[in-house]
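Let's take a look at one helix, and then at how two others pack. Have the chain open while you read.

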Amino acid sequence: DFDAALLSVSTNKADVAIAAITKNAKREETLSFSDPYYTANQVIIVKENSIYSEITEESEILNLLSTNKAKIGCQRGTTGQYYIEGSADWDFKGISNTTCVTYDNGALAVTDLTKGNLDAVIIDEAPAMLYCNKFETVKMLDIVLTEEEYCIAVSKGNDSLITSLNEFIASIKANNTLDEIISKYYGNDNISENEGNNFIESVGKVAKGLGVTFIIAIVAFVFGILIGLLVNIIQSSSSNSIITKILKKLVNIYIAIFRGTPITVQLLIIYYVIFSNIVPMFAAVIAFALNSGAYVSEIIRGGINAVPKGQMEAGRSLGLPYNVVMKKIVLPQAIRNCLPSLGNEFIALIKETSVVSFITVMDLYSAFRAIATESFAYKSVYLIMGVLYFVIIFVVSFILKKIEGGLLKNDKTK
């Protein structure tokens, strides 16, 4: 995502961001920029044979969009969004009486335009050329809204890297390498073929993404159970010591925070705020483990409450300490009572991992989204993604039911 690229650099999660980035005074407060490497224009894409398709004057198209209270799409956090909404930092007045609809990438915006959900899309000229060659029902108007220069963004004050980047940019301009790159990916002769739309590469991405999804879900689930057990041991402790009272207060705060905030927010705070230097995968595991632990603790608490009080009383009457009775008698029965709910928690984890793309982790959802963006086959790719998720959850549910049934059968034979 465009805005995630800038955030990653400003928080030192990445060294550079190269994503058709333009600089202004506001961005220069938190980022440093290289010399420009490409001059681009903001242009308008509309549907063929629409009321906008033959307009050639900027004032005319803007007035008509305003009059019709048009819905205009753009990529989130880009110049197009600021142009539509208006921005003092960019000296844009905005297009009055219109609705700005933002997307993770331009391809999604143009796809919505072809479906009739938008009246126009404002985007950089280079990707606009690509999209107009991919989607036959749209066209790029011969109107330049604003001219801008692309730069490479780096963390503030990294002068040595800026110097190296400027030398590199100068060299690829001098030997025409930059022109060759632009011609290869945006030239009319080569634009029809997308190298990313390769079946073997796509299968590889899906397989890798599936592995990441299961690693995060399984590791987070295991640690979530351990956290849940620890929380319940603390909460059910009969000790009246000051340390125990403090621990009980802390676990109650922990549960309230992680059950009271969205997992996406927790993920972003852990990655961008709490840890200054952490691998995104580790941040995802930590976030999901802590989130799962909060819910598992409540599941186990329900399981413990379902165990007859006579079990605890019987153990205590035999002279066993409270902690021993809890560990040896109550908790095993509680876990057995919790199995269906724990299975549901694991299934929920598999589905919820789709948000890890916010911190640049390539899971199953991210892999499919990348394939869709490269191939422009959003309908078929997203349909396959939905089917695969359903199959995964169906198989996991079946296995969990078999495990649960086997444990219950063993109990009956005993």
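In helix α6, the buried residues (under 20% relative accessible area with a 1.4 Å probe, protein chains only) are Ile162, Leu165, Asn166, Ile169 and Ile172. They lie on the same side of α6 because they cover an arc of only 135° around the axis, taking directions from the axis to the C-beta atoms. Flip to the other side and you'll find Ser160, Glu167 and Ala174 exposed, that is, over 50%. An α-helix has 3.6 residues a turn, so residues three or four places apart point the same way. Just past α6, Asn176 has a positive phi of about 70°.

This is a predicted model, where local features need pLDDT of at least 70 and side-chain atom pairs need 80 or more, while totals for chains, interfaces and linings use all residues. Residues are numbered from 1 along each chain as its sequence is written, and side-chain values use heavy atoms, with hydrogens and water left out.

Now for α8 and α13, whose axes come within 11 Å and cross at roughly 145°. Those axes are lines fitted to C-alpha atoms over the stretch in contact, with angles from 0 to 180 degrees between N-to-C directions. Here's who meets whom, with contact meaning heavy atoms within 4.5 Å:

| Helix | Residues | Among those that meet the other helix |
|---|---|---|
| α8 | 199–235 | Phe214, Ile218, Phe221 |
| α13 | 322–352 | Leu331, Leu342, Phe346 |

How sure is the predictor? On pLDDT (its confidence in each residue, from 0 to 100), the chain has a mean of 88, and 95% of its residues reach 70 or more. Over residues 190–197, though, the pLDDT is below 50.

Terms used
Helix = DSSP H or I, 4+ residues; strand = E, 2+ residues; numbered from the N terminus. pLDDT = per-residue confidence, 0-100.
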